[in-house]
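Subject: Structure handover

Hello,

I am passing this structure on to you. Please open it alongside this email.

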Amino acid sequence: MTESSPPRAAADRTTACTAGTRTPWRSFLRTETGSAAVLLAAVLAALVWANIGGYERFWHTEFALRIGSHGVTLGLREWINSGLMALFFFVVGLEARREFDMGELRERPRIALSAAAALAGMAVPVGIYLAFNAGGAGAAGWGAAMSTDTAFALGTLALLGRRLPTGLRTFVLSIAVVDDLIALIVIAVAYSEDVHVRALIVAVGLFVVILLIRATGTERGAVYALPAVAAWFALLESGIDPVVIGLAVGLITLAYPAARSDLERASGLFRRFREQPTPDLERSARLGLAAAISPNERLQRLYHPWSSYVIVPLFALANAGITVSGDSLSDALTSPVTLGILLGFVLGKPIGITAASWLAVRIGGGRLRPPVGWGAIGAGGSIAGVGFTVSLLIATLAFDGKRLDQAKIGTIGALVCSSALTWLITAALNALPRKRRARALLGTAQTLIDLAVPVDPERDKIRGPLDAPVTVVEYADFECPYCGLAEPVIRELLADFGDVRYVWRHLPLTDVHPYAQLAAEASEAAAEQGAFWEMHDLLLDHQDDLRPADLVRYAERIGLDTERFRAHLRARGGADRIGQDVDSADLSGVSGTPTFFINGRRHSGAYDIEHLSAAARAARVRAGLVPDGASG
């Protein structure tokens with residue numbers, strides 16, 4: 001059923017939706033963005049401290065952890081580099097697993113493209129580094145020139161804002177994750193000496209225990225933490241850097257969308273607590289709410305702020321300090337270690353990533369396309385040249401004394417130069433004519449489709465032109481207050497854009513909205529008489545009055561045959577049609593209302609007019625760029 005235009009005037013102001021969708025991915029970006037500023041402050045503090053005095057003496061202070069006759073004694077810097085950084089890599093593993101299960105990387109060919117770009121983006125910088133250092137005393141530090149710093153890279157992207165496409169963030173993140181994984185393998189193989197096999201076997205056995213625990217479906221964190229901590233100690237004893245266990249545990253932590261059945265169960269537990277607020281029911285409600293969210297998302301929410309705002313800045317404070325003098329800077333400018341790291345990051349990263357992406361497209365015959373345009377790929381390559389955390393970690397393993405200071409200068413210099421290069425590339429892209437800029441930024445790959453059941457004009461309820469290049473699908477509930485807030489925004493969007501079609505799909509949340517199903521069936525009874533949108537508008541305007549007598553009164557107001565309307569309601573004539581929408585919502589991973597899809601892609605931002613308009617404009621531009629038959 002279609003309607004060419006809204007029957008009423010659009011809202012004359014923007015409605016801000018206080019429950020704007022905030023996904024774990026967007027939260028991740030915001031946390032990394034904020035932490036980049038804290039990380040930069042820690043770098044500056046380390047430089048000032050190192051030049052005031054007492055820096056090295058403090059970080060060499062030993063700290064012992066003992067139980068009976070057994071224990072570990074490490075300097076404060078080693079506790080951070082090997083201990084706290086294991087938690088940092090755990091968080092990196094969590095995000096990588098989430099992207100693999102629910103994000104862009106669930107389309108497996110994109111993993112191949114990201115992996116190829118990441119591998120080349122590591123191999124070329126290492127090659128440049130060895131060109132300066134092969135056969136020399138600095139050759140051992142080749143691993144310091146290859147890994148992207150996630151916090152700084154995503155912070156740089158955030159500062160550039162909307163001048164670069166949002167898809168670039170996932171591309172850069174996936175490259176950074178592969179970087180970190182390979183870097184940890186390099187640390188374990190190339191920078192671990194005197195490996196004790198017995199301790200290593202114990203560590204592997206403990207990891208197998210963690211896998212067996214996961215297979216039982218247990219979700220209690222303490223059950224996993226004990227063998228994970230024991231594996232950390234075993235790896236430390238084996239001579240392999242124990243941060244490896246953090247990434248490994250993160251990568252096996254599953255992510256999945258909240259199931260509607262779990263949410264309904266949580267709602268039931270909360271209602272029981274609301275009716276009888278006892279400690280036992282409070283605990284049941286709390287555990288029920290937590291169980292509705294995947295372990296991956298719960299752990300990210302718990303540990304990501306600690307990782308971003310405490311652990312990584314502490315790492316920078318403990319490792320970035322160097323004594324700056326005229327002699328040290330002049331030595332660094334001619335040092336093959338400094339030049340290898342600097343040029344490896346600034347030139348090697350963008351060259352390797354861009355070249356590998358181009359080759360992958362050529363070899364795949366165009367079947368595999370990058371998620372963004374080639375201009376954005378170039379900018380992403382320069383952003384990936386922002387290396388810090390893992391670079392410094394490997395440098396501290398490979399060097400000491402003067403060469404370590406030279407490696408640090410190269411790493412910090414690469415951070416500054418790669419950020420500046422990114423700004424220059426972005427400025428050049430934005431100076432292009434509009435159409436060329438759009439193609440350079442967005443490319444021609446089709447976006448990943450999240451909407452499981454395509455829009456069908458024969459069955460879906462549609463407002464706007466049927467051949468519109470932009471389609472907005474909303475899963476909604478007539479009794480949901482947030483759907484009521486979104487309705488004026490949708491009207492304003494349709495009034496502002498003449499080439500957008502809007503689709504309503506039912507998702508009555510009967511566990512929290514007792515009249516939602518009845519209201520949906522009333523709208524279908526009206527649709528049977530050709531008046532769906534008239535009933536739709538009245539229902540959303542009167543969300544607190546959805547009892548049977550109210551629905552009949554609305555049918556009379558819009559001129560329906562009320563006897564026919566009542567008969568349709570009694571026979572539940574629209575229940576099957578509503579059930580089809582609910583099934584399609586389940587297939588698309590929708591569990592709450594309102595949930596929006598724009599050209600098949602789930603909208604993960606707020607649903608005020610500013611965000612929906614920006615998403616519609618971006619979808620319209622991309623629709624004009626993607627050729628028929630293009631594949632992503």
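Below is what was found, taken region by region.

The model is predicted. Please read everything here in that light.

**Strand E5 and its partners**

Start with strand E5, residues 470–476. Seven of its seven residues are buried, so E5 is largely enclosed by the rest of the structure. Both faces are covered. In a regular strand, side chains alternate between the two faces of the sheet. On one side of E5 sit Val470, Val472, Glu474 and Ala476. On the other side are Thr471, Val473 and Tyr475. Every one of these residues is buried, Glu474 included.

E5 pairs with strand E6, residues 500–506, through seven bridges. The two strands run parallel. Within this pairing, Ala476 stands opposite His506 of E6. Between the two strands the chain passes through helix H19, residues 481–496. This β-α-β crossover is right-handed.

E5 is also joined to strand E7, residues 595–598. Here there are four bridges, and the strands run antiparallel. Val472 of E5 has Ile598 of E7 as its bridge partner.

**Around E7**

Two backbone features are worth a look here. The peptide bond from Thr593 to Pro594 is cis, with omega near -5 degrees. Pro594 belongs to the loop between helix H24 (575–587) and E7.

Asn599 is in the loop that links E7 and strand E8 (601–602). Its phi is near 50 degrees, a positive value in a residue other than glycine. Asn599 has a relative accessible area of 24%, so it counts as partly exposed.

**Helices H22 and H23**

Helix H22 spans residues 548–557, and helix H23 spans residues 562–570. They pack at an angle of about 145 degrees. Their axes are 10 Å apart. The crossing of H22 past H23 is right-handed. From H22, the contact uses Leu551, Val552, Ala555 and Glu556. From H23, it uses Thr562, Phe565 and Arg566. By type, the contact residues are four nonpolar, one polar and two charged.

Arg572 follows in the loop between H23 and H24. Phi of Arg572 is near 55 degrees, again a positive value in a residue other than glycine. Arg572 is partly exposed, at a relative accessible area of 46%.

**Helix H3 and helix H9**

Which residues does Ser82 touch, beyond those up to four places away in sequence? They are Trp232, Asp241, Pro242 and Val243. Ser82 lies in helix H3, residues 76–101. Its relative accessible area is 12%, so Ser82 is buried.

Leu84 is in H3 too. Leu84 is partly exposed, with a relative accessible area of 32%. Leaving aside neighbours within four places in sequence, Leu84 is in contact with Trp79, Ile311 and Leu314. The C-alpha atoms of Leu84 and Phe315 are separated by 8.4 Å. Along the chain, these two residues are 231 residues apart.

H3 also comes up in the packing of helix H9, residues 244–251. Buried residues in H9 are Ile245, Gly246, Leu247, Val249 and Gly250. They pack against H3, helix H6 (167–190), helix H7 (197–215) and helix H8 (221–238).

**Where to look**

For a quick tour, begin at E5, with E6 running parallel to it and E7 antiparallel. Then go to the cis bond before Pro594. Finish at the contact of H22 with H23.

Best wishes

Definitions and conventions
Residues are numbered from 1 along each chain as its sequence is written. This is a predicted model: local features need pLDDT of at least 70, side-chain atom pairs count only at pLDDT 80 or more; totals for chains, interfaces and linings use all residues. Side-chain values use heavy atoms; hydrogens and water are left out. Buried means under 20% relative accessible area, exposed over 50%, partly exposed in between (1.4 Å probe, protein chains only). Contact means heavy atoms within 4.5 Å. Axes are lines fitted to C-alpha atoms, for helices over the stretch in contact, and angles run from 0 to 180 degrees between N-to-C directions. A crossing is left-handed if the near helix is turned anticlockwise from the far one by less than a right angle, and right-handed if clockwise. Ala, Val, Leu, Ile, Met, Phe, Trp, Tyr, Cys and Pro count as nonpolar, Asp, Glu, Lys and Arg as charged, and the others, Gly among them, as polar. Two strands pair if DSSP finds at least two bridges between them. A crossover is right-handed if, with the strands pointing away from the viewer, the path from the first strand over the helix to the second runs clockwise.
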